[in-house]
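Here are a few friendly notes to read alongside the coordinates. Have the viewer open and follow the points in order.

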Amino acid sequence: MRFALEVVVLPVTDVDRAKEFYAGRLGFRLDVDHADEGYRVVHLTPPGSGCSILFGTGVTDAAPGSARGLHLVVTDIAEAVEFLRERGVTVDGPFHDDTGPFHHAGAAHRRPGPHPARASYGSFAAFEDPDGNAWFLQEVTQRHPGR
């Protein structure tokens with residue numbers, strides 16, 4: 001049995017503002033923008049990703065800005081941070097966690113700069129969309145076996 005994560009639903013306040021942020025600023029591919037009476041769905045895919053995001057009107061009852069811990073995997077954390085900053089996105093990082101290959105919630109264990117050995121899975125940056133949905137960038141240069 002194959003289980004593939006392919007869509008993450010984001011709660012947003014303003015669909016057009018979110019569309020501009022993800023498609024316009026971040027360069028996500030617009031796959032669908034469909035509207036019906038009282039219903040709208042916008043579906044976008046990050047470059048190179050097998051998983052997409054979806055938001056709209058009438059697609060979730062979650063509070064706007066409540067999504068946390070979403071990760072975009074990149075091959076060069078410094079380049080990805082610069083890409084976002086050039087597009088006006090406020091980014092915290094790069095940083096690494098002082099205890100290992102992932103990161104704690106919050107900023108208490110964050111250390112400035114990429115992982116000292118530049119270990120794959122060990123360098124991060126963080127940003128939020130206009131509603132406050134919280135994203136991380138994670139640098140992965142070598143995948144674990146089976147991925």
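1. Please keep in mind throughout that this is a predicted model. A good place to start is Tyr-39, which lies in strand β3. Its relative accessibility is 35%, so Tyr-39 counts as partly exposed. Beyond the residues within four places in sequence, Tyr-39 is in contact with His-34, Thr-57, Gly-58 and Val-59. If you want a long-range distance to check, Tyr-39 and Leu-70 are 25 Å apart, C-alpha to C-alpha, with their positions 31 residues apart in sequence.

2. Next, have a look at Arg-40, also found in strand β3, which covers residues 39–45. Arg-40 has a relative accessible area of 17%, under the 20% cut-off, and therefore counts as buried.

3. What does the side chain of Arg-40 make polar contacts with? One partner is the side chain of Asp-16, at 2.9 Å; another is the side chain of Asp-33, also at 2.9 Å. Setting aside residues up to four places away in sequence, Arg-40 touches both of these and others, including Lys-19, Phe-55 and Val-59.

4. Now for the largest pocket, with a volume of about 820 Å³. Its lining comprises 29 residues, and Pro-46, His-71, Leu-72, Val-73 and Val-74 lie nearest the centre. By class, 19 of the lining residues are nonpolar, 6 polar and 4 charged.

5. Which element gives the largest share of that lining? Strand β5 does, with 5 residues. At least two residues each come from β4 (52–57), β5 (70–74), α2 (77–86) and β9 (134–139).

Methods:
Residues are numbered from 1 along each chain as its sequence is written. This is a predicted model: local features need pLDDT of at least 70, side-chain atom pairs count only at pLDDT 80 or more; totals for chains, interfaces and linings use all residues. Side-chain values use heavy atoms; hydrogens and water are left out. Helices (H or I, at least four residues) and strands (E, at least two) are DSSP runs, numbered from the N terminus. Buried means under 20% relative accessible area, exposed over 50%, partly exposed in between (1.4 Å probe, protein chains only). A polar contact is a pair of N or O atoms within 3.5 Å; within protein, one must be able to donate a hydrogen and the other to accept it, and residues adjacent in sequence count only if both atoms are side-chain atoms. Contact means heavy atoms within 4.5 Å. On a 1 Å grid over the protein atoms alone, a cavity is a set of points where a 1.4 Å probe fits but cannot get out, and a pocket is an open set with protein on both sides within 12 Å along at least five of seven lines; lining residues have an atom within 4 Å of a point. Grid points are joined across faces, edges and corners, and a volume is the space filled by probe spheres set on the points. Ala, Val, Leu, Ile, Met, Phe, Trp, Tyr, Cys and Pro count as nonpolar, Asp, Glu, Lys and Arg as charged, and the others, Gly among them, as polar.
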